[in-house]
Amino acid sequence: MRARRRKTLGRIWPNAVALVLTVVFVFPVYWMFSTSFKPASQVLTKTPTFLFSPTFEHYGTATEVELFWTYVRNSLTVTVGAVLLALLVALAAGFAIVRMRFRGRKGLVLAVMMAQMAPWEVMVIVMYLIARDAEMLNSIGTLTLIYFVMVLPFTVWTLRGFIAAVPKELEEAALIDGCGRTQAFFRVIFPLLAPGLMSTSLFGFITAWNEFAMVLVLNKESEAYTLPLWLTQFQTAFGNDWGATMAASSLFAVPVLLLFLFLQRRAVGGLSAGAVKG
């Protein structure tokens with residue numbers, strides 16, 4: 001009986017802790033979404049309200065901001081562009097690091113790790129001076145290139161692990177069957193990298209989608225803004241419009257949530273596998 005009780009308690013405590021942590025982390029997200037649907041009179045009240053008649057007025061305020069759809073287009077352009085460029089370069093770099101032996105290979109791997117650990121905020125001033133001297137300020141292309149450089153180190157490191165996990169014998173068999181090295185890569189290795197591609201794509205998407213400092217410093221014209229700057233525009237003469245801010249934040253979070261839910265199984269497995277293999 002005692003052993004059974006201990007076994008039962010051993011199961012209850014981890015579940016209870018997990019439940020508490022889930023509530024702690026999920027509640028702010030719930031509060032953000034619920035506040036976005038509250039009437040303006042119930043947004044700033046001393047007593048929190050959990051039951052209310054939902055309204056979409058705050059979403060109307062958020063989406064009626066001038067150039068809203070321009071901000072959406074800019075964010076999608078820089079995010080998707082940066083992720084695709086990073087995947088393309090990282091595939092080639094990861095394959096070279098894993099399958100080829102060349103002088104400076106270990107130094108290159110070390111440089112990738114150091115670039116991943118470096119805080120990009122310290123580079124804001126340098127990036128601004130370079131873009132200013134090159135007359136590349138207020139440019140979506142410049143922002144895309146910067147985001148590409150930001151997400152590239154993690155993408156290289158993760159895909160390197162996945163490429164190393166693919167048995168070399170599969171590639172050698174394809175070469176024996178008459179495939180060239182490029183054909184062997186795309187026919188044998190590339191299909192097996194789906195989990196890695198999804199996990200790194202998710203990370204790159206989140207990084208570029210949420211980035212604020214670079215676009216704030218480099219893009220001063222409203223036509224070159226992205227959605228993170230759109231979130232700062234809900235101020236009135238009486239203070240912040242919190243209802244519209246919560247609605248905008250909810251809309252801003254939806255694409256990432258949907259992408260994560262879509263890629264959840266493969267992405268979580270990909271992050272763990274790519275980090276330890278190779």
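Axes are lines fitted to C-alpha atoms, for helices over the stretch in contact, and the angles between them run from 0 to 180 degrees between N-to-C directions. Helices (H or I, at least four residues) and strands (E, at least two) are DSSP runs, numbered from the N terminus.

The model treated here is predicted, and local features need pLDDT of at least 70, side-chain atom pairs count only at pLDDT 80 or more, while totals for chains, interfaces and linings use all residues. Residues are numbered from 1 along each chain as its sequence is written, and side-chain values use heavy atoms, with hydrogens and water left out.

**Exercise 1. Describe how helix H3 and helix H6 meet, and give the make-up of their contact.**

Step 1. Helix H3 covers residues 68–99 and helix H6 covers residues 140–165; their axes come within 6 Å and cross at roughly 35 degrees.

Step 2. The handedness of the crossing of H3 and H6 is right-handed, where a crossing is left-handed if the near helix is turned anticlockwise from the far one by less than a right angle, and right-handed if clockwise.

Step 3. The residues of the contact of H3 with H6 divide into 22 nonpolar, six polar and two charged, with Ala, Val, Leu, Ile, Met, Phe, Trp, Tyr, Cys and Pro counted as nonpolar, Asp, Glu, Lys and Arg as charged, and the others, Gly among them, as polar.

**Exercise 2. State the secondary-structure content of the chain and the share of its residues that counts as buried.**

Step 1. The chain has twelve helices and two strands, and in sequence order the pattern reads α-α-α-α-α-α-α-α-α-α-α-β-β-α.

Step 2. Of the 278 residues, 37% count as buried; buried means under 20% relative accessible area, exposed over 50%, and partly exposed in between (1.4 Å probe, protein chains only).

**Exercise 3. Characterise the aromatic pairs of Phe56 with Tyr59 and of Phe68 with Trp230.**

Step 1. A pair of aromatic rings is described by the distance of the centres and the angle of the planes. Rings of Phe, Tyr and Trp (its six-membered ring) pair if their centres lie within 6.5 Å, and planes under 30 degrees apart count as stacked, over 60 as edge-to-face and the rest as tilted.

Step 2. The structure holds 14 aromatic pairs, and one of them joins Phe56 to Tyr59, with 6.2 Å centre to centre and 50 degrees between the planes, so that the pair is classed as tilted. Phe56 is exposed at a relative accessible area of 61%, whereas Tyr59, at 13%, counts as buried.

Step 3. Phe68 and Trp230 also form a tilted pair, with 5.0 Å centre to centre and 50 degrees between the planes. Because Phe68 lies in helix H3 and Trp230 in helix H11 (residues 227–230), this pair ties together parts that are 162 residues apart in sequence. Both Phe68 and Trp230 are buried.

Step 4. Elsewhere, ring pairs link Phe27, Tyr30, Trp31 and Phe50 into a cluster.

**Exercise 4. Which partners do the side chains of His58 and Ser36 reach?**

Step 1. A polar contact is a pair of N or O atoms within 3.5 Å; within protein, one must be able to donate a hydrogen and the other to accept it, and residues adjacent in sequence count only if both atoms are side-chain atoms.

Step 2. His58 is placed in helix H2 (residues 57–63) and is buried, with a relative accessible area of 4%; its side chain reaches the backbone oxygen of Lys38 at 2.6 Å.

Step 3. Ser36 is found in helix H1 (residues 2–36) and is buried at a relative accessible area of 0%, and a polar contact of 2.7 Å joins its side chain to that of Tyr59.

**Exercise 5. Where do Leu67 and Asn138 lie, and what is the phi of each?**

Step 1. Leu67, in the loop between H2 and H3, has a positive phi of about 70 degrees although it is not a glycine, and Leu67 is partly exposed, with a relative accessible area of 25%.

Step 2. Asn138, in the loop between helix H5 (124–133) and H6, has a positive phi of about 55 degrees and is likewise not a glycine; Asn138 is partly exposed at 26%.
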